[in-house]
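Me: I am new to this structure and should like to learn how its features are read. May we go through them one at a time?

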Amino acid sequence: MISTRAILLFAALLGAASAQSAPVHQYTVSIDLELQTLKVRACFDGAPPRALVASSEHAPFFAKMAGAEEDTKRLSLNGVPDDGCIDYRVDVAGIAILGQLTLGSWIGKDLILAPDVWLWRPADIDADIELRFDLPKGIAVSAPWRPLPDGGYDVGHTPAHWPASVAFGRFEERQIEVPGAVLRLAVLDAVPTNVDAMQTWVADAARAVAGLYGRFPVDATQVLVIPQGASDEPVPYAHVQRGGAGAIRFFIDQQRPLREFLADWTATHEFTHLTLPLARRGGAWLAEGIASYYQEVLRARNGRLSALEAWQRLHEGFERGRRASGNATLLEASANIYRDEAYMRVYWSGAAIALQADLQLRKQSDDKQSLDSALEKLGRCCQPWDRAWSALELLARLDELTDTTVFTELYSEHVNSSEFPDLTAAYAELGLDVRAGEVELRFAPYADLREAIMRRGAVQ
C-alpha cells in the first residue's frame, strides 16, 4: 500500500517538474541613440502562442510588424516554427510627442513609455517572459520588473493593463539597499536636479518603511523621480504603479532643498502602499487609510517627527476628515473618490480605522500583535501582488492571520456609515487630550501602547 506521504511527495515532484518545463519566452528590446524607434525581437520556447496582443488600444497605431492580421489588436504567429522568433518595431517618438504620461512622454531629453503601448505579449496571462535590453552606449533603462541575475528582467504575471513605466535616457540608475530590498532609482532629466540629494531622500523614506516590520515590503522596487518645476511643495504629486514588481513615480519641484524633501510625508506614504495589494473599487479607504496612518507613525519612528508631533499630525488629519464627511457612506465615498474629490474623507476615515485596529490588536495580545505584525504576515503569505483584492477579502485574511475578528468587525461598523469614525474611546485609552486643537499626552490606561506605536523598533 502506498502511503499518503509518498503520494504527496510524488505530487510535489510532479508539480516541480511541470514548473521547470513551463516555456519561458525570450524578448530582446533595443532602441536607437536618439530614442526614436524601439525594436523588439520575441523568441518562443517551443511552440509559439497563437498570437501576441497589446493591452493598450493605442498600440496598433505605433507598431510596424510583418504578418499582422486585419485585426491589428492581435499579431498572428501562424507560420512561426517551434523555437522561432518574430520582430516588430514601435515608433516611440510618435508616442512621446503626444505628451500623455499614461502612454509615453519626453521628460527633458529622456523618454518614458507605458509597456502596454509597445510590449506585445502572449494572450495567455500565465506565459513566462524574460526580457533583456540591448542599448547603445550612453543610454540607460529603468524598468518596473524584477531583475534577473544575468541583467534581464522577469516580466511576471501582473495584468498587462496595469500601469507601469519604462524609462530610457542618459540618466544613471542607482541602487539603494534597504533591509529586505533593493530600490532602483532613476532621476529623469536630472540637470539641474541634485541626484545625490534625491537618493538621500528616497533612501531615508524607504528605511522608515522598512522599519514597519523589519524589511521593505517589496524586494525589488522601481523609483522614478520626474522634475516638474516650481510648486508650492517639494512633491506635489506621486503615485504607485502596480504593473510589474511594484514602482513609485514622484513628481517633484527640483529647486527645493533636501531638507524640505526629508520633512515631507509623501515618500513614506507611497512606499507604505506596497504593504497591500491593489484594492478594488470601493477599497480606497483601506489602502489610503493605512498609508496615511503610517506616514506619521513611521516618520516618528525614524526620528523625523517627535511622538507628540506625529499624534498632532494624525489628529489634524482626523479633523480634516471629519469636516469633509457628508451624507455618503464610507464605501460610497471610496468608490467615487475621484469624481467627488472625497480625498480627505476617505484618507482620514481609513487612517482612523487603522488606528483603531492597531490599538485593538495590541490590547488583545498584550502588545504581542499589532497592525505592523498583521501586515508583515500578509506580505509573507500572499505576495506577489498579482491581482486586485476587495477590502472585505483583505480584511478577512488579516483576521485569519491574526486569529481575531478585529478587521472585519471594524469593516462592519464603519464601511456603510456616513459618520466619521468615533475616536473618543481610543483617545481616552491612549491618553490623547486635545485642548484648542493641540494634542497633549497624559497618563492613561494604555499610555504604554501609545508610546509603543511611535517607538523605533515597535512590535513586529
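Me: What volume does the second largest pocket have?

Reply: Please bear in mind that this is a predicted model. In it, the second largest pocket has a volume of about 310 Å³. Of the 20 residues lining this pocket, Arg-146, Gly-244, Ala-245, Pro-384 and Asp-386 are closest to its centre. Sorted by class, the lining contains eight nonpolar, seven polar and five charged residues.

Me: Which residues lie nearest the centre of the largest pocket?

Reply: They are Ala-238, His-239, Glu-288, Tyr-338 and Tyr-347, out of 48 residues that line the largest pocket. Its volume is about 1300 Å³. The lining comprises 23 nonpolar, 13 polar and twelve charged residues. Several elements each supply at least two lining residues, among them strand S18 (237–241), helix H5 (266–272) and helix H10 (343–364). Helix H6 gives the largest share, six residues.

Me: How many aromatic pairs are there, and how is the geometry of one pair read?

Reply: The count comes to 15 aromatic pairs. One reads the distance between ring centres and the angle between ring planes; planes over 60 degrees apart count as edge-to-face, under 30 as stacked, and the rest as tilted. For Phe-318 and Phe-420, the centres are 6.5 Å apart and the planes stand at 55°, so this pair is tilted. Phe-318 belongs to helix H7 (residues 307–324), whereas Phe-420 is in the loop between helix H13 (406–414) and helix H14 (424–430), so the pair ties together parts that are 102 residues apart in sequence. Both Phe-318 and Phe-420 are buried.

Me: Why is the pair of Trp-385 and Trp-389 classed as edge-to-face?

Reply: The planes of Trp-385 and Trp-389 are at 85°, with the ring centres 6.4 Å apart, so the pair is edge-to-face. Trp-385 is buried, at a relative accessible area of 8%, and Trp-389 is buried at 5%. In addition, the charged end of Arg-387 sits over the ring of Trp-389, 4.4 Å from its centre.

Me: Which residues do ring pairs link into a cluster?

Reply: The cluster consists of Trp-201, Phe-216, Phe-250, Phe-261 and Phe-271.

Me: In what order do the seven strands of the open sheet run?

Reply: The order is S4-S6-S2-S1-S10-S13-S12, with mixed pairing. At the edges are strand S4 (63–65) and strand S12 (146–147), each of which pairs on one side only. Strand S4 pairs with strand S6 (residues 85–91) in the antiparallel sense over three bridges, and Met-65 stands opposite Tyr-88 in S6.

Conventions
Residues numbered from 1 in each chain as written. Predicted model: local features only at pLDDT ≥ 70, side-chain atom pairs only at ≥ 80, totals over all residues. Heavy atoms only, no water. Phe/Tyr/Trp six-rings, centres within 6.5 Å; stacked < 30°, edge-to-face > 60°. Helix = DSSP H or I, 4+ residues; strand = E, 2+ residues; numbered from the N terminus. Buried < 20%, exposed > 50% of the residue type's maximum accessible area, 1.4 Å probe, protein only. Lys NZ or Arg CZ within 6 Å of the ring centre and 35° of its normal. Pairing = 2+ DSSP bridges. 1 Å grid on protein atoms, 1.4 Å probe; cavity = no way out; pocket = protein on both sides within 12 Å on 5 of 7 lines; lining within 4 Å. Points joined across faces, edges and corners; volume = space filled by probe spheres on them. Nonpolar A, V, L, I, M, F, W, Y, C, P; charged D, E, K, R; others polar.
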